[in-house]
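This briefing covers one protein chain, starting from a single residue and its contacts and moving on to the chain, a helix, charged pairs and a surface patch.

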Amino acid sequence: MRQLRWLPLLAPLLLLRPPGVQSADPIQAFVVPHSHMDVGWVYTVQESMQAYAANVYTSVVEELARGQQRRFIAVEQEFFRLWWDGVASDQQKHQVRQLLEEGRLEFVIGGQVMHDEAVTHLDDQILQLTEGHGFLYETFGIRPQFSWHVDPFGASATTPTLFALAGFNAHLGSRIDYDLKAAMQEARGLQFVWRGSPSLSEQQEIFTHIMDQYSYFPRKPPLRSFS
């Protein structure tokens, strides 16, 4: 009964609400936990494995097994393969296969690394991608469906061409020219179909999304985008 004492105070507040004003539609947020471990940056591959990389996959498998609602995407095959071949127990390997079957663990890109776009040669990009995809297919019988290029500096037309021909369904990028990204944000053009090679035309087009921040997460859209 004591709660009823607040009703006289709430009533004037409700009357202050302008007519016709409705609450905003619910915002649907997607949280995508993912691995982001540069291969050979600052530390050697072996040092990175000992310091943190091996523990990432050990803890991910453990935590995913604790809740059906949990998801994770793995990016760099170099570290995952070393973990799989030299660290993972038989039980953990069984859990990985089960998580892949359930769709709660997913591999994106599937190459040995998230290769740079500005200075790498095409044959190196193809080689590292082929090696990673070969491991995934031979080990699990799967092929990655999406690219995940949140950290490479610059944007090369080789990227959409190679990824489309590799069979990816969509491409995610982030690091592009600051002014270009600002213009794309203003025009709401961060999503588009990218054709990197005019000569190959539709054979290599790929749906592309550019993240609106320069880190590895998007910011909350401005309120005007909901009007």
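Beyond its neighbours within four places in sequence, Ala170 is in contact with Gln145, Phe146, Ser147, Ile206 and Phe207. The model is predicted. Ala170 sits in strand β3, which covers residues 170–173.

**Ala170**
- The relative accessible area of Ala170 is 14%, and the residue is therefore buried, the limit being under 20%.
- Ala170 and one of its contacts, Ile206, are separated by 36 residues in sequence, while their C-alpha atoms are 5.7 Å apart in space.

**The chain as a whole**
- The secondary structure of the protein chain consists of seven helices and five strands.
- Read from the N terminus, the order of the elements is α-α-β-α-α-β-α-α-β-α-β-β.
- The protein chain has 227 residues, of which 36% count as buried.
- Among contacts with a separation of 6 or more, 68% are between residues 24 or more positions apart.
- About 14,600 Å² of the protein chain is exposed, and carbon and sulfur atoms supply 57% of that area.

**Helix α4**
- Helix α4 spans residues 90–102, 13 residues in total, and reaches 19 Å from its first C-alpha to its last, close to the expected 18 Å.
- The buried residues in α4 are Gln92, Val96, Leu99 and Leu100.
- Viewed down the helix axis, the buried residues of α4 fall within an arc of 100°, so they line one face of the helix.
- Cover for the buried residues of α4 includes α2, α3 (77–86), β2 (105–107) and α5 (122–140).
- On the face of α4 turned away from the buried side are the exposed residues Asp90, Gln91, His94 and Glu101.
- Gly103, just after α4, has a positive phi of about 80°.

**Salt bridges**
- The structure holds seven salt bridges.
- Arg104 pairs with Glu102 in a salt bridge whose closest N and O atoms are 2.9 Å apart.
- In this pair Arg104 is buried, at 4% relative accessible area, whereas Glu102 is partly exposed, at 34%.
- Arg195 forms a salt bridge with Glu205, with 2.8 Å between the closest N and O atoms.
- Both Arg195 and Glu205 lie in the loop between β4 (191–194) and β5 (206–210), so their salt bridge ties together parts that are ten residues apart in sequence.
- Arg195 is partly exposed, with a relative accessible area of 43%, and Glu205 is also partly exposed, at 32%.
- Salt bridges with shared partners join Glu62, Glu63, Arg66 and Arg70 into one network.
- Within that network, Glu63 bridges to Arg70 with the closest N and O atoms 2.8 Å apart.
- Glu63 counts as partly exposed at 31% relative accessibility, and Arg70 is partly exposed at 32%.

**Surface patch around Tyr43**
- A nonpolar patch on the surface is formed by Trp41, Val42 and Tyr43, which together have about 390 Å² of accessible area.
- Tyr43 is located in the loop between α1 (7–15) and α2 (45–64).
- Tyr43 has a relative accessible area of 46% and so counts as partly exposed, since exposed means over 50% and buried under 20%.

Methods:
Residues are numbered from 1 along each chain as its sequence is written. This is a predicted model: local features need pLDDT of at least 70, side-chain atom pairs count only at pLDDT 80 or more; totals for chains, interfaces and linings use all residues. Side-chain values use heavy atoms; hydrogens and water are left out. Patches are made of residues with over 30% relative accessible area and no salt bridge: like charges are joined within 9 Å, nonpolar side chains (Val, Leu, Ile, Met, Phe, Trp, Tyr) within 5 Å. Accessible areas come from the Shrake-Rupley method with a 1.4 Å probe; for residues, only the protein chains shown count as cover. A salt bridge is a side-chain nitrogen of Lys or Arg within 4 Å of a carboxyl oxygen of Asp or Glu. Helices (H or I, at least four residues) and strands (E, at least two) are DSSP runs, numbered from the N terminus. Buried means under 20% relative accessible area, exposed over 50%, partly exposed in between (1.4 Å probe, protein chains only). The expected span of a helix is 1.5 Å times one less than its number of residues. The arc is that of the directions from the helix axis to the C-beta atoms. Contact means heavy atoms within 4.5 Å.
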